[in-house]
Amino acid sequence: ELRSENIHAHIMDDKPLLDDLVNLIRLDEESILDSLRARFDRDLPYTLCGQICVSVNPFKWLPLYTDERVKEYAAADNPFSELPPHLYAIAHAAHRRLVAALEAGTPPSQSVLVSGESGAGKTEATKIMLRYLAAVNSVHTTSFSTRMFGAAAAAPADGTLSGLTERVLRSSPVLESFGNAQTLRNHNSSRFGKFLKLMYGSDGEQESAAISSYLLERSRVVRPPAGEANYHVLYQFAGGCEPEAREALEVLSTEAYGSALPAGSGRMKEGDGLHRPEAWKETVAALEVVGFGPEEVQTLRRMLSAVLHLTSLAFDEAEDSHGQRAAAVRDTAASGRAARCLQVPQTALEEGLTSRTTIVGGETLVKALDAVQAADAADALAKAVYGRMFESIVARINQLVGGKEGELPFIGILDIFGFEAFETNSFEQLCINF
């Protein structure tokens, strides 16, 4: 039997729209999809399934995230039953449970899992919940009960965020430039997993934050899937690098890195959005806002240049004196550019890519690689450099936002890139799927 006080039914076109899928009379795939589509058509992107919030990306901003809406959910005893479905209800539940556990002296940490296929809106959902938690945290009161159950639970009228979460949010453009790419389903798809911890003190106030990243799709750096693009920042840098840096780092045009920087498709192919050369200036500005200094930004320029130069290397092969197929760099000017950016001798780089050294029983053995193996070695180095660069960016952001791992209670938000199955799946995609 359906209880009216637990259902928000919006009657539109004589069709009731249930807020909670649990209350469907017939619970099957067709009924669920019909209900989600009916709500989507009426700009209602959120639907509950118990205490799970099903979110359908509306591909536009709706007036669902105002200060008044934050106040409404923050003041509710149980927004799941009192208010329409919203991501705020999930964030509210995590925060309230953490606060209640702190008061009771029980293990308080909470986690929210945000999952779905590419383009579902996972990263935006994470930001929306972060803003809610920041707004709730920005209200300073003397007791948990007043903050969580009284009028003071409302967010400030000016919508200000706590300084900590504001710094975390300001890091998003940086992570998106270096960790997002255009795919067949999404022009700004996160190609890495991110676990964000907001740490709280014994008084229930946010004290620090930490970002953990994993499974960056490194294979994309050297060989994006057909019809897709490489990481945004590589296009930005190749097209918009400052003239003096371009000359010093010997950066070529975007077209010169053709196989690594394909045009992609759709909006990206037309040069729109995050691939604009002007976007490099925006990325540098975002790095500076987060707190990166001039020398750190210059190091990133150098590493991006090295990655691009490595992707342009090609190899020929011929028989050596022992009759083995031995690879040689086709264009030594390209390997020279890569070596100078990596700040290593050119001969050492070329030898490292075209031969393998092993030590057996104290004896050093050097074996020549063929052209295919040398190309694989260059690809592996490019992927390793990009991956280490990305990890260093995350580590530096953690320092700048006050992130420190410890025993503090936390609210964790896991933003995991999409569950997808392609004809050819990368290793990282395989790990995500299974």
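When I speak of helices and strands this morning, I mean DSSP runs, with at least four residues of H or I for a helix and at least two of E for a strand, numbered from the N terminus. Please keep in mind throughout that what stands above is a predicted model.

Let me begin with the cavities. A search of the whole structure turns up 3 cavities of 30 Å³ or more, and the largest cavity holds about 80 Å³ of space. Which elements each supply at least two residues of its lining? They are helix α5 (residues 122-137), α7, α8 and the strand β8 (residues 193-200), and the largest share, 4 residues, comes from α5. Among the residues that line this cavity are Thr123, Thr126, Lys127 and Leu130, together with Ser171, Ser172, Leu175, Lys194 and Ile211. Sorted by class, the lining of the largest cavity comprises 6 nonpolar, 4 polar and 2 charged residues.

The second largest cavity has a volume of about 60 Å³, and its lining consists of Thr123, Lys127, Ser172, Leu175, Glu176, Asn180, Ser190, Phe192 and Lys194. Two elements, α5 and α8, give two or more residues to that lining, and here α8 gives the most, with 3 residues. By class, the lining of the second largest cavity has 2 nonpolar, 4 polar and 3 charged residues. If you compare the two lists, you will find Thr123 and Lys127 named in the lining of the largest cavity and again in the lining of the second largest.

I would like to stay with one residue from the first of those linings, namely Ser171, which sits in the loop between α7 (residues 163-170) and α8. Is Ser171 buried or exposed? Its relative accessible area is 1%, and because buried means under 20%, Ser171 counts as buried. Once residues up to four places away in sequence are set aside, Ser171 touches Ile211, Val290 and Ile397.

Ile397 leads us to the largest nonpolar core, which has 98 residues, and in which Tyr132, Phe178, Leu304, Phe315, Tyr386 and Ile397 touch the most other members. Helix α17 (residues 371-400) contributes the largest share of this core, 11 residues. As a general background, nonpolar side chains tend to be buried together in soluble globular proteins. Taking Tyr132 as one example, and leaving aside its neighbours within four places in sequence, we find it in contact with Val70, Tyr73, Ala74, Tyr88, Ala91 and His92.

Helix α17 also packs with helix α16 (residues 346-354), at an angle of about 115° and with the two axes 7 Å apart. On the α16 side the contact is made by Leu349, Leu353 and Thr354, and on the α17 side by Ala374, Ala377, Ala378 and Leu381. Those residues divide into 6 nonpolar, 1 polar and no charged.

Next comes helix α10 (residues 232-240), and here the question is why this helix is said to be largely enclosed by the rest of the structure. The reason is that 8 of its 9 residues are buried, namely His232, Val233, Leu234, Tyr235, Gln236, Phe237, Ala238 and Gly240. Those buried residues pack against α8 (residues 172-179), β6 (residues 180-181), α11 (residues 243-249), α13 (residues 279-290), α14 (residues 294-311) and α17.

Within α10, Gln236 deserves a slower look, since its relative accessibility is 1%, and it therefore counts as buried. Not counting residues up to four places away in sequence, Gln236 touches Ser177, Cys241, Leu274, Arg276, Pro277, Ala279, Trp280 and Thr283.

I will finish with two points of backbone geometry. Most residues other than glycine have a negative phi. Leu215, however, has a positive phi of about 55° although it is not a glycine, and its place is in the loop between β9 (residues 206-214) and α9 (residues 219-222). Glu250 likewise has a positive phi, of about 60°, without being a glycine, and lies in the loop between α11 and α12 (residues 266-269). How exposed, then, are these two residues? Leu215 has 28% relative accessibility and so counts as partly exposed, while Glu250, at 26%, is likewise partly exposed.

Note on methods
Residues numbered from 1 in each chain as written. Predicted model: local features only at pLDDT ≥ 70, side-chain atom pairs only at ≥ 80, totals over all residues. Heavy atoms only, no water. Core = buried A, V, L, I, M, F, W, Y, C linked by side-chain atoms within 4.5 Å. Buried < 20%, exposed > 50% of the residue type's maximum accessible area, 1.4 Å probe, protein only. Contact = heavy atoms within 4.5 Å. 1 Å grid on protein atoms, 1.4 Å probe; cavity = no way out; pocket = protein on both sides within 12 Å on 5 of 7 lines; lining within 4 Å. Points joined across faces, edges and corners; volume = space filled by probe spheres on them. Nonpolar A, V, L, I, M, F, W, Y, C, P; charged D, E, K, R; others polar. Axes fitted to C-alpha atoms, helices over the stretch in contact; angles between N-to-C directions.
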